[in-house]
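Let's walk through this protein together, from its overall layout down to a few individual side chains. Keep the model open beside you as you read.

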Amino acid sequence: MKQVNNSMANNINILLIDDSDVDNFINKAIISKEDNISEITTMTSGSEALAYLKNIIENDETYPDVIFLDIKMPGMSGFEFLDEYINLSDSLTNHCKVYILSSSLDNLDSEKGKEYAVVKKHLTKPLAHHIIGDLINED
């Protein structure tokens, strides 16, 4: 399986999970300004994203390097997604950097996000162009 070393600054694959097409469009536009991004995939539900990730694992395809996850989504919330995500292959969950990307300013949401070891940070929508490179290169 072709995997990208997270310390490398090129060929980064991003997965955006957000029920808002507008937010996905805006965040994709911001992320695409980075030179080191090779692919940006958008999913509009947690269940759709889980199916996508399971397919990647089963078909030995390249994992996303970074996942930006909305937490307030109908059907399957971001936290429900994380409950399922942490049970996926360790090779995937250890590879991907997961960032909660939400318009929620509720401290309870931020604190709950910290309960998941796979979550690196809680960010506020929309993404800021100047922080994308820093996030990608974080350990």
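From the N terminus on, the elements run β-α-β-α-β-α-α-β-α-β-α. That gives the protein 6 helices and 5 strands; helices (H or I, at least four residues) and strands (E, at least two) are DSSP runs, numbered from the N terminus. Please keep in mind that this is a predicted model, in which local features need pLDDT of at least 70 and side-chain atom pairs count only at pLDDT 80 or more, while totals for chains, interfaces and linings use all residues. Residues are numbered from 1 along each chain as its sequence is written, and side-chain values use heavy atoms, with hydrogens and water left out.

Now for the protein as a whole. Of its 139 residues, 47% are buried; buried means under 20% relative accessible area, exposed over 50%, and partly exposed in between (1.4 Å probe, protein chains only). The protein exposes about 7,100 Å², and carbon and sulfur atoms supply 47% of that area. Accessible areas come from the Shrake-Rupley method with a 1.4 Å probe, and for residues only the protein chains shown count as cover. If you take the contacts (heavy atoms within 4.5 Å) between residues at least 6 apart in sequence, 70% join residues at least 24 apart.

A good place to look next is strand β3, residues 66-69. Both of its faces are covered: Val66 and Phe68 on one side, Ile67 and Leu69 on the other, are all buried. Strand β3 also has partners, where two strands pair if DSSP finds at least two bridges between them. With β1 (residues 12-17), β3 pairs in the parallel sense over 4 bridges, and there Leu16 stands opposite Phe68. With β4 (residues 97-102), β3 again pairs in the parallel sense over 4 bridges; here Val66 has Lys97 as its bridge partner.

Before β3 comes a loop worth a pause. Most residues other than glycine have a negative phi. Asp60 has a positive phi of about 55 degrees, although it is not a glycine. You will find Asp60 in the loop between α2 (46-58) and β3, partly exposed with a relative accessible area of 47%.

Helix α1 (residues 21-31) shows two sides. Its residues Asn24, Asn27, Ile30 and Ile31 are buried. They lie on the same side of α1 because they cover an arc of only 130 degrees around the axis, the arc being that of the directions from the helix axis to the C-beta atoms. The face turned away from this buried side carries the exposed residues Asp21, Val22 and Phe25.

Finally, the aromatic rings. How many aromatic pairs does the structure hold? There are 3, where rings of Phe, Tyr and Trp (its six-membered ring) pair if their centres lie within 6.5 Å, and planes under 30 degrees apart count as stacked, over 60 as edge-to-face and the rest as tilted. One of them is the stacked pair of Phe79 and Tyr116, at 6.1 Å centre to centre with 10 degrees between the planes. This pair links distant parts of the chain, 37 residues apart: Phe79 belongs to helix α3 (residues 78-85), and Tyr116 to the loop between α5 (107-113) and β5 (119-124). Phe79 is buried, with a relative accessible area of 8%, and Tyr116 is buried at 8% too. Another pair is Phe81 and Tyr85, stacked because the ring centres are 5.6 Å apart and the planes are at 25 degrees. Phe81 and Tyr85 are 4 residues apart in helix α3, so about one helical turn separates them. Both Phe81 and Tyr85 are buried.
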